[in-house]
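Grab a viewer and let's work through some aromatic rings together. Each exercise comes with its solution, so try it yourself before reading on.

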Amino acid sequence: MQYILFTCPLPPSVNESLASVNGRLIKTLKSRKFLTQAIDAFKTDATYRDALSLAGGWVKAKYALKVDCYFVWPRNQILNTGAKAQNWAHRRDAHNRSKQLHDALSEAMMIDDMYFFAGDTEKIINDKIQEPYAMVRITKHTPRTIHDLWRQFQNEDYTATNKA
């Protein structure tokens with residue numbers, strides 16, 4: 001399977017990204033700084049031109065894009081250790097960071113994020129780092145119907161609670 005893989009700084013959470021000024025929501029300095037750093041990271045990647053061509057070709061061929069977001073933290077920033085730790089996981093909301101990553105990717109790739117149809121979000125532990133970062137993996141994706149989804153569920157071991 002062909003895919004595109006980029007890394008960039010860890011995006012700020014949604015809570016750190018917007019501020020209310022005179023009744024209007026604006027992007028914070030932290031948010032604007034991330035956007036600039038992430039776009040620079042994508043554009044300076046050795047595979048950037050090939051990635052533009054590949055993703056653009058997928059969209060032109062009427063494929064959607066699946067954008068998987070991986071947020072990588074040092075173990076001590078994601079897992080609590082020790083006998084007194086009531087909660088085994090630190091509060092690190094990965095989903096809360098996906099929108100910022102999507103916005104940066106969309107701008108860098110010059111592809112509207114309306115083509116981002118699917119994606120996984122995952123917290124990753126890396127024992128060899130001090131500072132967290134983000135990885136994004138892009139693959140082509142065929143949009144599914146509700147019937148496709150139910151067919152998938154029927155082939156898996158699950159308990160249905162309510163059919164839409």
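The exercises below deal with ring pairs and with charges over rings in this predicted model.

**Exercise 1.** Work out how the pair of Phe 71 and Trp 73 should be classed, and whether its members are buried or exposed.

Solution. Start with the count: the structure holds 3 aromatic pairs. In one of them, Phe 71 and Trp 73 lie 6.5 Å apart, centre to centre, with 45° between the planes. Planes under 30 degrees apart would be stacked and over 60 edge-to-face, so 45° makes this pair tilted. Next, check the surroundings. Phe 71 has a relative accessible area of 0%, and Trp 73 has 1%. The cut-off for buried is under 20%, so Phe 71 and Trp 73 are both buried.

**Exercise 2.** Do the same for Trp 150 and Phe 153, then say where they sit in helix H6.

Solution. The ring centres of Trp 150 and Phe 153 are 5.4 Å apart and the planes make 85°. That angle is over 60 degrees, so the pair is edge-to-face. Now the helix: H6 covers residues 146-154, and the two residues are 3 apart in it, which means about one helical turn between them. As for accessibility, Trp 150 counts as buried at 16%, while Phe 153, at 25%, is partly exposed.

**Exercise 3.** Find which rings have the charged ends of Arg 137 and Lys 140 over them.

Solution. Take Arg 137 to begin with: its charged end sits over the ring of Tyr 3, 4.7 Å from the ring centre. Then move to Lys 140, whose charged end is over the ring of Tyr 63, at 4.4 Å from the centre.

Notes: Residues are numbered from 1 along each chain as its sequence is written. This is a predicted model: local features need pLDDT of at least 70, side-chain atom pairs count only at pLDDT 80 or more; totals for chains, interfaces and linings use all residues. Side-chain values use heavy atoms; hydrogens and water are left out. Rings of Phe, Tyr and Trp (its six-membered ring) pair if their centres lie within 6.5 Å; planes under 30 degrees apart count as stacked, over 60 as edge-to-face and the rest as tilted. Buried means under 20% relative accessible area, exposed over 50%, partly exposed in between (1.4 Å probe, protein chains only). Helices (H or I, at least four residues) and strands (E, at least two) are DSSP runs, numbered from the N terminus. A charge sits over a ring if NZ of Lys or CZ of Arg is within 6 Å of the ring centre and within 35 degrees of the ring normal.
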